[in-house]
Amino acid sequence: MSLGERYENLRNRIQRACEAAGRDPQNVELLPVSKKQPTALIREAATLGFTRFGENYVQEGADKAAASPDLSFVLLGPLQRNKAKPALQHFAEIQSLDRPELAERLRRLAEELDVVRPVWIQVDLWEEATKLGGCAETDLPALFAALGDDPRLPLRGFMAIPPPDDESAFVQMAELRDRVQQQLGQPLRLSMGMSGDLEAAIAAGSDQIRIGTALFGERAY
């Protein structure tokens, strides 16, 4: 199956999921996850209209960003403090902010580099953090304080990697988003849902789904 055919299948799935949830498909962003995919395939996806791609590793994403300066790359994977500077230099957004000390490091570097980089907080409500990273709900106030409403690191929303086969996790995230955006007095987006569970994520209110295999096919490791 070609990339174009897989994309058409995805569009149909998103359309059906939105119809079932009473949502407008235009309000659900499909973010292609291009980790371990060759640049040629990313360029092919760009011909379908994609301009933003998700990457899990700083160095791999930086190399792809350098090879395709007309495209934007979003960091999805865990970020170590010693990789914070290249992350800010090469990624348009960072979705894996998950602890106050990282926020403080990013703030200092963003000022030093004179860049603005939207951030998303990766949230973990299911004690998966040891495997995947993420901030517990009880730790969110400290992370908000570390961000300090810095205009160089505007908060866009929450990203989550819920446990597989637990559709209630999406509802939990949506409820958290609703509570926190009321507390903060600003809208927050939700990034959750992947190839196997995008329908449940859309039903719960996800604004962005992150799709790798269903779009690009199996990765060549």
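## The annotated lysine

Which residue does UniProt list for "modified residue: N6-(pyridoxal phosphate)lysine"? The unreviewed entry lists K35. In this predicted model, K35 is found in the loop between β1 (29–32) and α2 (39–47).

Is K35 buried or exposed? Its relative accessible area is 17%. Buried means under 20%, so K35 counts as buried.

## The nonpolar core

The largest nonpolar core has 63 residues. Six of them have the most contacts inside this core: L97, L106, I121, L140, F158 and M173.

Take M173. Leave aside its neighbours within four places in sequence. M173 is then in contact with V123, L125, W126, F158, A160, L190 and M192. One of these partners, F158, is also on the list of residues with the most contacts in the core.

## Helix α7 and its two sides

L140, another residue on that list, belongs to helix α7, which covers residues 140–147. Which residues of α7 are buried? They are L140, L143, F144, A146 and L147. Seen down the axis of α7, these buried residues fall within an arc of 160°, so they line one face of the helix. The general rule helps here. An α-helix has 3.6 residues a turn, so residues three or four places apart point the same way.

The other side of α7 holds P141 and A145, and both are exposed.

## What α7 packs against

The buried residues of α7 pack against three strands: β4 (93–97), β5 (119–123) and β6 (155–160). They also pack against two helices, α5 (100–113) and α8 (168–184). Just after α7 comes G148, with a positive phi of about 60°.

Key: Residues numbered from 1 in each chain as written. Predicted model: local features only at pLDDT ≥ 70, side-chain atom pairs only at ≥ 80, totals over all residues. Heavy atoms only, no water. UniProt positions renumbered as here; feature names shortened; annotations may be inferred. Helix = DSSP H or I, 4+ residues; strand = E, 2+ residues; numbered from the N terminus. Buried < 20%, exposed > 50% of the residue type's maximum accessible area, 1.4 Å probe, protein only. Core = buried A, V, L, I, M, F, W, Y, C linked by side-chain atoms within 4.5 Å. Contact = heavy atoms within 4.5 Å. Arc of directions from axis to C-beta.
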